[in-house]
Amino acid sequence: MIAMLLFTKYGRHNKNEKANKMDKNKFFREATLRICGNLEIEEAMFSTLQFLRQAMPVSRMALEYYDEGLSSMRTIAKANPEGGESVDLITPLSAEAKQEAKKKYQMKKRGVYLFEDPKEEKLAQEMLSFHGIEATSLMVLTLKSGDQMIGTLALIAEGDEKFSQKHVDLISLINEPFAIALSNTLKHRSELKLYDRDFFWEITMRICGNLEIEEGLRACIKYLSQHMPADVLYLERYEENLGSMRGIARASAEKGEKMDALLPLPEQAKAVMQETIQAWQTSMLPPVIVINKPDEEPVTRHLLEALGEPSSSVMSLPLILEGQLAGALVLLAEGNDRFDEHHARLYANLKVPFFVAMSNALKHREILNLKDLLADDNRYLHGELRRLSGDEVIGANFGLKEVMHKVQQVAELDSPVLLLGETGVGKDVIANTIHYSSLRSAGPFVNVNCGAIPDTLLDSELFGHEKGAFTGALSQKRGRFERANKGTIFLDEIGELPLQAQVRLLNVLQSKKIERVGGVKTIPLDIRIIAATNRNLEEMVKLNQFREDLWFRLNVFPIWMPPLRDRMEDIPALLQHFITLKARELKLPTLPMLSPGAIDPLMAYHWPGNVRELENVIERAMILNPTGPLTFEHLNLGKPKKTLELLGQSEETDNLDGIISRHIRRVLSKTKGKVNGPDGAAAFLGINPSTLRNRMKKLGINYGRKSKY
């Protein structure tokens, strides 16, 4: 199965990089347009070859099929960079090569064969030798029509570069268009003698050569007018449930127009339409309905009046294929008795291309509408997420200054981030900030609470499942990881994951690939991982409650979130933020004012629930007194703990060295005695590690192995 082409060498081109960057949707669209946009198969191959050479080192192509009667390969078209050629060549084969060709065709397997060294296969070697081609690499695309193998498309590389798996993946996308092209070529070579071949192909080229149906109609009527009377061409769809005709597109020689006009039919016209459908079902309906006296036919008369068209002769081509009535192609020519049998015979040839064009136009419009809806929903949900999480981090310039500095360092990278801190400190807000400050901000941000998903549903939620994978799996479902592709996934409460799930998560982090439950297809991922926990993962690793290898994977860039009691200076800003937020949620007409001294009990409280507890306290106060002034004296916040108790110290002193010593010990307790590094005490205090060690020696503070924090 190798192309029978003359040997020609061409310059070296680096196509691998282009193949890697080639957008598959664009590739399929461009290649299909070239395959379907040329009526002659050899011209379609030449146009396609020119396009493919931009992405891969292909120098020539051939379209072939196995002739069972001759037990040989028959080439029907070929192309090289200088042009395409329609041929009918038979390659003589040895018995071994014939058996090999017959076996491949009997397999009826669709796909792409890659031969890095074609000389290693008998069939390829004989065909290359007979036709004088020295191929360095070969791809063969098998073409099927239904369950029948109909032929192959051979692509040959002759330079230093060879085909790769990237090229195989691209070529596999055009299997269907070339299968249709080959099938049509084989069929029409024997059938085109029954009708005007040029007319059919010219019309097909025009309707298939335009992505917009209205432009295809305009190109068609310009050509039709050379062969028959033609003023206006309509593409219509009959909607039986509404008893109406819907205009899809309209075209004259001057312009094409997209339509979405519903034209209700009177009762008499509906009855005629039912009779037409019944006639079609009993095979008594002619291929083309010709109405040369429109005033005598109720449906035609009504539609012409509704469309504002003058009295015209009409040819209506019912678009019926494989038992499906899609609509009609209606041609108008002003006046009576404008069409004859010759016009009807030519016009009947348009059924298949226009049926396909109409179906594609309707599907294309539906897809565009759904795409617009999804884009609008996506914008809305992103806006809601940012509104709920807050566009601004409260305390970024005060208590969270060090945190925000780390956020700025890591945001534009793809490195995993581990957020540590007590419950309620706002780890989700920082995760949002990292995502929306990154290069992935336009992508999805998927939040997963690992502790809220039952163990039995964990795999399905994270990785998705195929239809029928288990009882209740009634349809295919994308998991959270797949939904986060090109964006960020936030694994909150990562410490709550069971050990079995930790193993599967580790595999995802290592390979960046997943498989849906019940599926065999590997789905590549392009995601960023942000994890968060209020638990001591390092201690959990020692207790065998958390996998050590997963801990190392996640702990690339840890960020410690200080509790609210350690950043009391942020409370005034948080108070104003939550009053504004809760007033909107509670639908209050105005913002309630604060009573004098209302903030004092908030500043004196130790806040074991952190920012979340502060939010709840403010909401409770606004529910009790929505008009204000707000006061927090009666909310039973409890007695404030002394700062010395929080620090674990038992002595008070006004001595400067004592204050400095307590503060250094407090920071060391947060860093677990660590001095160096981005998460060390020196970084928190903003001084050089050597300076900090000298100060600690002077104050008698142990560090290194002597320290216990």
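The accessible surface of the protein chain comes to about 36500 Å², and 49% of that area belongs to carbon and sulfur atoms. The model under discussion is a predicted one, and the values that follow are computed from its atoms.

**Overall fold**

The protein chain is built from 27 helices and 21 strands, and of its 709 residues 47% count as buried. Among the contacts in the protein chain with a separation of 6 or more, 67% are accounted for by residues that lie 24 or more positions apart.

**Cysteines**

The count of disulfides comes to 0. Two cysteines can be described by their accessibility: Cys220 has a relative accessible area of 0% and counts as buried because this value is under 20%, and Cys450, at 5% relative accessibility, counts as buried because it too falls under 20%.

**The second largest pocket**

The second largest pocket has a volume of about 960 Å³. Its lining is made up of 35 residues, of which Trp560, Ser669, Lys670, Thr671 and Lys672 are the closest to the centre of the pocket. Four elements give two or more residues to this lining, namely α19 (537–542), β21 (558–560), α24 (643–646) and α25 (656–671). The greatest share comes from α25, which gives 7 residues to the lining of the second largest pocket. The lining can also be divided by residue class, as the table shows.

| Class in the lining of the second largest pocket | Count |
|---|---|
| Nonpolar | 14 residues |
| Polar | 9 residues |
| Charged | 12 residues |

**The surroundings of Pro572**

Which helix holds Pro572? This proline lies in α21, the helix that spans residues 571–585. With a relative accessible area of 38%, Pro572 is classed as partly exposed, because that value lies between the 20% under which a residue is buried and the 50% over which a residue is exposed.

Which residues are in contact with Pro572, once its neighbours within four places in sequence are left aside? The contacts of Pro572 are then with Ile599 and Met603. A further spatial relation links Pro572 to Ile394: the two residues are 178 residues apart in sequence, while their C-alpha atoms are 9.9 Å apart in space.

Taken together, the description of Pro572 is that of a partly exposed residue within helix α21, in contact with Ile599 and Met603 when neighbours within four places in sequence are set aside.

Key:
Residues numbered from 1 in each chain as written. Predicted model: local features only at pLDDT ≥ 70, side-chain atom pairs only at ≥ 80, totals over all residues. Heavy atoms only, no water. 1 Å grid on protein atoms, 1.4 Å probe; cavity = no way out; pocket = protein on both sides within 12 Å on 5 of 7 lines; lining within 4 Å. Points joined across faces, edges and corners; volume = space filled by probe spheres on them. Nonpolar A, V, L, I, M, F, W, Y, C, P; charged D, E, K, R; others polar. Buried < 20%, exposed > 50% of the residue type's maximum accessible area, 1.4 Å probe, protein only. Contact = heavy atoms within 4.5 Å. Areas by Shrake-Rupley, 256 points an atom, 1.4 Å probe, with all protein chains shown as cover. Disulfide = S-S within 2.5 Å.
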